[in-house]
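Welcome! Below are a few short exercises, each with a worked solution. Have a look at the structure, then try each task before reading on.

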Amino acid sequence: MISILQSFIMGSGIRSIVQLGHYKGYSTLMIGFMLRRMGIEKGLVSIDLDPKITDYARGWVEPPGLEPHDAHGQRPARRAISRPPRPCSGGRPRCVIIDSSHQYAHTLRELDLWWPAIAPGGMMFLHDCSEFARKWDTTGEGGVRRAIQEWLPRHPEAGSILLEGDPRADEYSAYADGCGLGILQKPLAPIPGT
Ligand SMILES: C[S@@+](CC[C@H](N)C(=O)[O-])C[C@H]1O[C@@H](n2cnc3c(N)ncnc32)[C@H](O)[C@@H]1O
């Protein structure tokens, strides 16, 4: 997932990113390094419902000076996803990365909440969208995969690629992550004369 995020973020100069679910801060740290390399400050907002894990993540991202500018870790998840937080310094999010509850119903709410917030031409990345990763849904309702499968037909405007790796270590798959990654793109702003 990080390799793909790096190619989009650094390749296309994505300067305003929202991350849902930072856990111990690995991807937050990686994205922070990318933004710093690109010379962008305050380009990342990160949200996690777990205050303890957020404190732990801070211990990793603060020393190198990479703290996301508005970590909502102290807020209950219900509030954190009730409305998009204030925008990043680069304006509307150009990229939203969802790696949070992995639950079907909650992921649908995240999609409905964040899709309208993304800038035209922006992207959404959803980790754990593979068949294999359905089992991470603690409610047993089908996880991220089912949420995307039901959401996409309601949003024919969305460009989509669903990558799925083979979770068996001895089987080849050009995309190696068995948990899969969903990539959605919002339509571009209208181009005059077309
Ligand atoms: C799989 S981990 C994220 C891993 C992280 N993206 C990384 O690359 O290291 C999932 C995280 O989502 C958080 N989470 C679960 N439900 C959430 C919710 N409803 N809102 C926000 N965060 C949530 C959990 O506390 C956990 O830290």
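**Exercise 1. Find the order of the elements along the chain, and count the helices and strands.**

Solution. Start at the N terminus and read along: the elements run α-β-α-β-α-α-β-α-β-α-β-β. Then count each kind: the chain has six helices and six strands. Keep in mind that this is a predicted model.

**Exercise 2. Work out what share of the chain is buried, and what share of the contacts between residues at least 6 apart joins residues at least 24 apart.**

Solution. Begin with burial: of the 194 residues in the chain, 38% are buried. Next, take the contacts between residues at least 6 apart in sequence; 72% of these join residues at least 24 apart.

**Exercise 3. Which residues have the most contacts inside the largest nonpolar core?**

Solution. First find the core itself, which has 31 residues. Inside this core, the residues with the most contacts are I97, M124 and F125. Now follow I97, setting aside its neighbours within four places in sequence: I97 is in contact with L5, I17, Q19, L20 and F125.

**Exercise 4. Describe how α2 and α3 pack, and say which residues meet.**

Solution. Locate α2 at residues 26-37 and α3 at residues 51-61. The two helices pack at an angle of about 35°, and their axes are 9 Å apart. The crossing of α2 past α3 is right-handed. Now look at the residues: T28, L29 and G32 of α2 meet A57, W60 and V61 of α3. Sorted by kind, the residues of this contact are four nonpolar, two polar and no charged.

**Exercise 5. Where does Y23 lie, and is Y23 buried, partly exposed or exposed?**

Solution. Y23 sits in the loop between β1 (17-20) and α2 (26-37). Although Y23 is not a glycine, its phi is positive, at about 50°. For comparison, most residues other than glycine have a negative phi. To settle exposure, count the other C-beta atoms within 10 Å: Y23 has 15, so Y23 is partly exposed. The cut-offs are 20 or more for buried and 12 or fewer for exposed.

**Exercise 6. Repeat the steps for H102: which loop holds it, and is H102 buried or exposed?**

Solution. The loop between β3 (95-98) and α5 (104-114) holds H102. Phi of H102 is near 65°, again a positive value in a residue other than glycine. Finally, count as before: H102 has 25 other C-beta atoms within 10 Å, so H102 is buried.

Definitions and conventions
Residues are numbered from 1 along each chain as its sequence is written. This is a predicted model: local features need pLDDT of at least 70, side-chain atom pairs count only at pLDDT 80 or more; totals for chains, interfaces and linings use all residues. Helices (H or I, at least four residues) and strands (E, at least two) are DSSP runs, numbered from the N terminus. A nonpolar core is a set of buried Ala, Val, Leu, Ile, Met, Phe, Trp, Tyr and Cys residues joined through C-beta atoms within 7 Å. Two residues are in contact if their C-beta atoms, placed from the backbone, lie within 7 Å. Axes are lines fitted to C-alpha atoms, for helices over the stretch in contact, and angles run from 0 to 180 degrees between N-to-C directions. A crossing is left-handed if the near helix is turned anticlockwise from the far one by less than a right angle, and right-handed if clockwise. Ala, Val, Leu, Ile, Met, Phe, Trp, Tyr, Cys and Pro count as nonpolar, Asp, Glu, Lys and Arg as charged, and the others, Gly among them, as polar.
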